[in-house]
Amino acid sequence: MTTTVYARVESPLGELLLVGEVPDGAAADGGDSVRLVSLSVPGQKGGAVVRDGWLHAPEVFAEMAGQLEAYFAGRSTRFDVPLAESVGTEFQRRVWAALESIPYGSTVSYGEVAARVGASGAGVRAVGTAIGRNPLLVVRPCHRVIGADGALRGYAGGLERKKLLLGIEGGAAGRAEA
């Protein structure tokens with residue numbers, strides 16, 4: 001069994017909601033045992049919402065908050081946080097693993113991600129759906145996936161936030177399309 005913990009962290013994207021799991025019996029104040037389940041932005045399509053029974057525990061997210069601050073300030077290019085492994089379908093986890101392999105400051109197309117996970121052709125749409133269900137915005141860099149023509153397409157946190165993240169990373173900001 002686990003306890004769900006959460007914290008809110010200010011960022012250039014707005015107030016982020018961090019949600020994690022801590023195994024029952026583990027110290028919920030040190031942060032060593034927390035596994036990140038979700039990182040969402042205000043108004044995010046499908047974003048997490050604090051539920052009854054969740055424990056507000058900002059102290060367990062102190063390391064994560066520091067990594068986010070360093071990322072937004074341009075001092076860090078990667079995240080090193082334990083992630084919950086029980087989230088998503090097997091296909092979604094394959095797509096999300098492909099996202100994690102996209103280098104900082106780079107972009108790839110949805111078709112390229114589909115090819116990496118062996119879902120070519122009509123599978124591009126399924127890849128787009130899996131990317132849209134990524135519960136770990138910023139940390140799992142779905143913002144680095146753009147249209148084949150270089151246009152910014154789909155981002156659960158909104159295209160303006162996608163553009164901001166690509167700008168922080170110095171990547172091509174592309175042109176926003178609805």
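Which residue stands opposite Leu17 in β2? In this predicted model, the residue that faces Leu17 of β2 is Arg8, and the views below begin with that pair before moving on to other parts of the structure.

**View 1. The strands β1, β2 and β3 pair in the antiparallel sense.** β1 pairs with β2 over eight bridges, and five bridges join β2 to β3. Leu17 can be followed through this arrangement, since Leu17 of β2 stands opposite Arg8 and also stands opposite Ser40 in β3. β1 and β2 form a hairpin with six residues between them, and Gly14, which lies in the turn, has a positive phi of about 110°. Six of the eight residues of β2 are buried, so this strand is largely enclosed by the rest of the structure.

**View 2. The largest nonpolar core is made up of 42 residues.** Within this core, the residues that touch the most other members are Leu39, Met64, Leu68, Ile131 and Val138. At least two residues of the core come from each of the strands β1 (2–9), β2 (16–23) and β3 (35–40), and the same holds for each of the helices α1 (62–72), α2 (90–100), α3 (110–116) and α4 (123–132). A second, separate core has five residues, among them Tyr6, Val19, Val37 and Ala84.

**View 3. Leu68 is shown together with residues that it contacts.** When its neighbours within four places in sequence are left aside, Leu68 is in contact with Leu16, Leu18, Leu39, Phe79 and Val138. Of these partners, Leu39 and Val138 are, like Leu68 itself, among the residues that touch the most other members of the largest nonpolar core.

**View 4. Ser76 lies in the loop between α1 and α2.** Is Ser76 buried or exposed? With a relative accessible area of 18%, Ser76 counts as buried, because that value falls under the cut-off of 20%. The side chain of Ser76 reaches the backbone oxygen of Arg78 at 3.1 Å. Leaving aside neighbours within four places in sequence, Ser76 is also in contact with Ala70, Tyr71 and Tyr104.

**View 5. Buried residues of α4 lie on the same side of the helix.** The residues in question are Gly123, Val127, Ala130 and Ile131, which are buried in α4. They cover an arc of only 100° around the axis, and therefore they are placed on the same side of α4. The elements that cover the buried residues of α4 include α2, α3 and β6 (145–146).

Terms used. Residues are numbered from 1 along each chain as its sequence is written. This is a predicted model: local features need pLDDT of at least 70, side-chain atom pairs count only at pLDDT 80 or more; totals for chains, interfaces and linings use all residues. Side-chain values use heavy atoms; hydrogens and water are left out. A nonpolar core is a set of buried Ala, Val, Leu, Ile, Met, Phe, Trp, Tyr and Cys residues joined through side-chain atoms within 4.5 Å. Buried means under 20% relative accessible area, exposed over 50%, partly exposed in between (1.4 Å probe, protein chains only). Helices (H or I, at least four residues) and strands (E, at least two) are DSSP runs, numbered from the N terminus. Contact means heavy atoms within 4.5 Å. A polar contact is a pair of N or O atoms within 3.5 Å; within protein, one must be able to donate a hydrogen and the other to accept it, and residues adjacent in sequence count only if both atoms are side-chain atoms. The arc is that of the directions from the helix axis to the C-beta atoms. Two strands pair if DSSP finds at least two bridges between them.
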